[in-house]
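Please take a moment with the sequence and the model below before reading on. The paragraphs that follow lead from an enclosed space to the core, and then to individual helices and residues.

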Amino acid sequence: MKKNSEDLALYVNSTEAQQSLYKRSLVVVVLSQIFGGAGLAAGITVGALLAQEMLGSESSAGLPAALFTLGSAFAAFVVGRISQRHGRRYGLSIGFIAGGLGAIGVVIAAAMGNVYLLFLALFIYGAGTSTNLQARYAGADLANEKQRATAISIAMVSTTFGAVAGPNLVTPMGKFAEVFGLPALSGPFILAAVAYLLAGFIFLLFLRPDPFLVAKAIAIAKEKKIHQLAVDAGQGITNTVNRLGIIVGALVLILSHMVMVAIMTMTPIHMQSHGAALSAVGMVIGLHIAAMYLPSLVTGMLVDKIGRPIMVIASGLTLALSGILAAYAPGDSLFWIIVALMLLGLGWNFGLISGTAIIIDATDMKTRAKTQGAVDVWVALAGTVGGLLSGMIVAYSSFGVLGLIGAYLGLLFIPLMIWVRLKEQKGTD
């Protein structure tokens, strides 16, 4: 314990040591996210198809997305609490390892044809999804205000490598599974199990000293100095938590995630109903995930340079355009489906990075990880709702109606930002 205190003191008192740890932490996050992205892609690509195959119902195809996003909601809460108390290292490693065990459960359930075990395993598998998202915070713990969105983007762009490779390995992993007498659609979950477990152990072994605990110690030291100065000057201490910022950032994350999950979940079903091969589905989802993560470096710089509100509006407009294209594109047109899904990923990317930056700006180290976890719970629940409703909407109306609903939700970002602007102007008057 004494050694840990000495280590923290070294970083608290040295800007050079802080920057060194910041860069080293980003490297660890990048390595883990490469594997985490591959694990994330499996459920997205074949989860709905596996459920449809086992349940024999298109209206139930949204269940896998609903289950692993519900599991991700529970995991987001747990990982956030563990991270707040014990640091990112333990929170993130536990989350990824749980996701890996859930993926193993999916493979076993598919082999046995056991639907109930499939549901339980998908729920546990969701821990990897939320942990993959929460890992973006670890890269920003030691970043200053002008570096935050860029730090988040570096963590996210590294996810691209695994996330793009994952869907394109659907067919080879399916053949690999069949060699062992397993259903072809369980193959990508074998990849997910290995990938998530590797991501978890990378955090457990290499994320030390923990950047969150160091940032927390730095914040406590600064607070003591500010408190002493305020006492000497006879002034009070102002609250550094911005509740409006937390609400706005949460709404941006929730709406963008709901739209993305809903349309993305039903795209494989929509494509297969129009005769698309599994390899074509994998390619579309791979490009979609590339658009979710690959633009992150540019997005992060834009969020830091031109501001959070403008990028939130850009997110809404991009999501709306994606929904309209998805609604009106011919179901057998691979080109237009790719364009729609890539715009869907890009709109989500704009929303995730700008919303995350807003939340970081609005919190302090006393509650940051806990607040981030709580917000990600609502984000995951929004994904659950999106996944569940998407199957029902397509089954009882059409994929086009689903796209138009997504477009409408995206456009809500414009009045949201106008409302925020009016509230801020009123507060400064």
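**From a cavity to the core**

The second largest cavity has a volume of about 60 Å³, in a model that is predicted. A search of the whole structure finds four cavities of 30 Å³ or more. Which residues line the second largest cavity? Its lining is formed by Thr69, Ser72, Thr129, Ser130, Leu133, His257, Asp376, Val379 and Ala380, and the elements that give two or more residues to that lining are α3 (63-86), α5 (115-138) and α15 (368-396). Sorted by character, the residues of this lining divide into three nonpolar, five polar and one charged.

One of the lining residues, Ala380, may be followed further. Ala380 has its place in helix α15, and because its relative accessibility is 3%, under the 20% limit, Ala380 counts as buried. Leaving aside its neighbours within four places in sequence, Ala380 is in contact with Thr69, Ser72 and Ala73, and Thr69 and Ser72 also belong to the lining of the second largest cavity. Along the chain, Ala380 and Arg421 are 41 residues apart, while in space their C-alpha atoms are 27 Å apart.

From the cavity we turn to the nonpolar interior. In soluble globular proteins, nonpolar side chains tend to be buried together. The largest nonpolar core of this model has 115 residues, and those with the most contacts inside it are Phe189, Phe203, Tyr293, Leu344 and Trp348. Which helix gives the most to this core? That helix is α10 (residues 243-273), with 16 residues.

Two residues help to show the surroundings here. Phe203, one of the core residues with the most contacts, is in contact with Val28, Val29, Ser32, Arg89, Leu92, Ser93, Phe96 and Ala135, when its neighbours within four places in sequence are left aside. Met260, for its part, lies in helix α10 and counts as buried because its relative accessibility is 3%. Not counting residues up to four places away in sequence, Met260 touches His288, Met292, Leu344 and Trp348, and Leu344 and Trp348 are among the residues with the most contacts inside the largest nonpolar core. The C-alpha atoms of Met260 and Gly323 are separated by 9.4 Å, although these residues are 63 residues apart along the chain.

Another buried residue is found in helix α6 (residues 148-168), where Gly162 lies. Gly162 is buried because its relative accessible area is 5%, which is under the 20% limit. With neighbours within four places in sequence left aside, Gly162 is in contact with Ile34, Gly37 and Ala38. Gly162 and Gln33 are 129 residues apart in sequence, yet 7.6 Å apart in space, C-alpha to C-alpha.

Next come two helices with a buried side and an exposed side. In helix α7 (residues 170-179), the residues Val170, Met173, Gly174 and Ala177 are buried. Why do they lie on the same side of α7? They cover an arc of only 105° around the axis, and therefore they share one side of the helix. On the other side of α7, Lys175 and Val179 are exposed. After α7 comes Gly181, whose phi is positive, near 75°.

Helix α12 (residues 296-306) can be read in a similar manner, with Ser296, Thr299, Gly300 and Val303 as its buried residues. Seen down the axis of α12, these buried residues fall within an arc of 100°, so they line one face of the helix. Val298 and Lys305, on the other side of α12, are exposed. Just after α12, Gly307 takes a positive phi of about 110°.

The last stop is in a loop. Pro209 is found between α8 (187-206) and α9 (211-233), in the loop that lies there. Is the peptide bond from Arg208 to Pro209 cis or trans? This bond is cis, with omega near -5°.

Methods: Residues are numbered from 1 along each chain as its sequence is written. This is a predicted model: local features need pLDDT of at least 70, side-chain atom pairs count only at pLDDT 80 or more; totals for chains, interfaces and linings use all residues. Side-chain values use heavy atoms; hydrogens and water are left out. On a 1 Å grid over the protein atoms alone, a cavity is a set of points where a 1.4 Å probe fits but cannot get out, and a pocket is an open set with protein on both sides within 12 Å along at least five of seven lines; lining residues have an atom within 4 Å of a point. Grid points are joined across faces, edges and corners, and a volume is the space filled by probe spheres set on the points. Helices (H or I, at least four residues) and strands (E, at least two) are DSSP runs, numbered from the N terminus. Ala, Val, Leu, Ile, Met, Phe, Trp, Tyr, Cys and Pro count as nonpolar, Asp, Glu, Lys and Arg as charged, and the others, Gly among them, as polar. A nonpolar core is a set of buried Ala, Val, Leu, Ile, Met, Phe, Trp, Tyr and Cys residues joined through side-chain atoms within 4.5 Å. Buried means under 20% relative accessible area, exposed over 50%, partly exposed in between (1.4 Å probe, protein chains only). Contact means heavy atoms within 4.5 Å. The arc is that of the directions from the helix axis to the C-beta atoms.
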